[in-house]
There are 2 protein chains.
Amino acid sequence: MVIDGFRFAGLSAGIKGKGHKDLALICSDSPLSAAGVFTTNKIKAAPVLIDMERLKKGTARAVIVNSGNANACNGDAGIEDAVKTSEMTADELNIGTDEVLVSSTGVIGQRLPVDKIGAALPDLARSLNSESINDFAEAIMTTDSFPKVCFASKEAEGGKITVAGVAKGAGMIAPNMATLLAFILTDASIEPELLGKALKYSVTESFNCITVDGDMSTNDTVIALASGKSGVKIAEESISYGSFLGLMKEVMIKLAKMIVKDGEGATKLIEIRVKGALSAEEAKRAALTIANSSLVKTAFYGEDANWGRIAASLGGAGIEISENRLDLYFDEVQLVSGGLHKGPEAENKASEIMKKDELALTVDLNIGTHHATVWTCDLTHDYIRINAEYRS
Amino acid sequence: MVIDGFRFAGLSAGIKGKGHKDLALICSDSPLSAAGVFTTNKIKAAPVLIDMERLKKGTARAVIVNSGNANACNGDAGIEDAVKTSEMTADELNIGTDEVLVSSTGVIGQRLPVDKIGAALPDLARSLNSESINDFAEAIMTTDSFPKVCFASKEAEGGKITVAGVAKGAGMIAPNMATLLAFILTDASIEPELLGKALKYSVTESFNCITVDGDMSTNDTVIALASGKSGVKIAEESISYGSFLGLMKEVMIKLAKMIVKDGEGATKLIEIRVKGALSAEEAKRAALTIANSSLVKTAFYGEDANWGRIAASLGGAGIEISENRLDLYFDEVQLVSGGLHKGPEAENKASEIMKKDELALTVDLNIGTHHATVWTCDLTHDYIRINAEYRS
């Protein structure tokens, strides 16, 4: 699949070793409308600080991304390395340094090997191709087990528009800005400010609704780039804006669910819906508390419909609940009614649901009208293996 | 070891099966001064609700405890079962029902087998003995791998006083009220109100400073009982009160550390100290955020001095930090100075420290004067195994 106005490349620069792809580039022949949403972690990686600054002008031409090294916690030297990377990229592409965005993901606290990046840049630029989005997706992976790419198109007022997304995730997927890196591309024509608004809304509805281990990265970055090549102009409060927002949200929710499904060691994708809460905030807090509970997540791994752990987690969420109004469902099977277990038949049916790869847990608090949905995965032996051995 | 005024018993009533001890009793021949601290979970187990009510009068004679069943989320039937258990115990001991406290720990959402408890009570009462505290400690265990008992004595004004503690913990050890069940006994003479005050303070300094998996139980209970048999009267703001408080805190910190050490699947006890914070609350929040991070806990399991995960976790704690003032130590080895890694030699030394069974991580924020200490354990394959298989 291609998206008009963008070319991609991804290859091995020797940062990760073993010939794994680890350097990736997105490039456009003309200036792009650009916006970003970044980690709220107090400790931000060098490339995040640079992109936040460069995106103030709302335009960009290229994004250079490396995996294998986060370039975080490196002080001033980290900033210099990131700037140097963008300078080398700008030279290679013959564009301005401030038109280049930089992203890094991987191990924290080690200097970025800029020499290796510099040596690989000519090949990387030469291999830029409108059909190479999968190479790009592969080169930004860290502990991901599959590349994450998603396309969606729609006829809008004035013609067809396309939104494409590429993301990498896996571990450290926190309730805020759940992916390490995501790049959302469109051929629609949209001003940076409106693009940023659409991006912020879509992040809230997608990446901020997923959680793998509750940790928050220093590098979380979502960048949106618009080429305008479709010729379809997206104006605020237009029908086209509605179409565009729908596409963007669709692509980002799909990417978010791919990230959870590929959560470190995960074997199940679990949708957690909290209904009947007193406020939207309480519904989301409850859903995220359940989604982040190690005890609940290991019970899902054990395929055990252990509703007691869900109830205990809910009770500790700091939200208003009434125990004797609580209903609980696994998919369509009701296991708990008015705070009480429905008996062995319901338990057997729920146990069957627990064996599925994808399932939904619905908690109805029955005390209000607000709801929230988040996605999480189970906590498994492989999560421990991957994370205990990560640096060694 | 014995503590004047208390007798203990523990045996198998067939609640857990396989002949494991699961029913326990503490009894006194005369009324005890009594106080309790309970879970803040919105969903409270039936015995917690009953004890909260009965402790209002500040006195008790006996505590009946079962493991294998939490008697939580059972609605009115759960309350009836807990009341029935206390009635049967009172009959057997020939004391008033409202002099009996009840505690339960184990699986949530299943009816308490009161018949089995009733059938076992005569044997339990017959076996009451001042030297049987270890039988009691064994019978309250769930996933604990060893019984937890601690004694401490001190010469106070007027004579020697002793504080003894028995606890069970392992999983679901949350930042608030970190143990499932703990019983703190003393032969000092102290009014219920002052006993409650001392208990509350000691809980803050001990059980509320430990975390295994960040979950909060429906059953968390710490009960303090004073027999007065030492004849030493503890008055508020006296030197004796200082001695008593010191003993109580010592016993409870020891129990708290035993609980972390016995955390489900844990192989390491890690003391996390945060210094130089802007406030005590921020110090404690930072310490608990690090202590609850799955990524940090798996890194400890992997014996990897992965300070990047610690920094990332700290940055997400929602407290004030300044990256370039951050110092980090493993025991006495400084790995990070002013936010930067100190190099391979420090890394090698820190890696050696990581191999220890007990170690301390010190984070100095260098922006304020407040500090906090919490204890946690590593996150291991066995945690997953234990919790994925718990009910099956």
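Which residue of chain B forms a salt bridge with K42(A), and how far apart are the closest N and O atoms? In this predicted model, the partner of K42(A) is E320(B), with a separation of 3.4 Å between the closest N and O atoms. Two salt bridges are found across the interface of chain B and chain A, to which each side contributes residues as follows: 52 from chain A and 52 from chain B. The area buried between the two chains amounts to about 4,200 Å², of which 58% lies on carbon and sulfur atoms.

Helix 11 (residues 381-388) of chain A and helix 11 (residues 381-388) of chain B also meet, their axes coming within 8 Å and crossing at roughly 170°. Because angles over 145 degrees count as roughly antiparallel, helix 11 of chain A is assigned that orientation with respect to helix 11 of chain B. The contact is made by H381(A), I384(A) and R385(A) on one side and by H381(B), I384(B) and R385(B) on the other, and by class it comprises two nonpolar, two polar and two charged residues.

Within chain A, helix 7 (residues 280-292) packs against helix 9 (residues 307-315) at an angle of about 130°, with the axes 9 Å apart, and the two helices are therefore oblique to each other. The crossing of helix 7 of chain A and helix 9 of chain A is right-handed. In this pair, A286(A), T289(A) and I290(A) of helix 7 meet I310(A), S313(A) and L314(A) of helix 9, a contact that divides into four nonpolar and two polar residues, with no charged residue.

Conventions. Residues numbered from 1 in each chain as written. Chains lettered and ligands numbered in written order. Predicted model: local features only at pLDDT ≥ 70, side-chain atom pairs only at ≥ 80, totals over all residues. Heavy atoms only, no water. Axes fitted to C-alpha atoms, helices over the stretch in contact; angles between N-to-C directions. Helix = DSSP H or I, 4+ residues; strand = E, 2+ residues; numbered from the N terminus. Parallel < 35°, antiparallel > 145°, perpendicular 65-115°, else oblique. Left-handed = near helix turned anticlockwise from the far one by under 90°. Contact = heavy atoms within 4.5 Å. Nonpolar A, V, L, I, M, F, W, Y, C, P; charged D, E, K, R; others polar. Buried area = accessible area lost by both parts, 1.4 Å probe. Salt bridge = Lys/Arg side-chain N within 4 Å of Asp/Glu carboxyl O.
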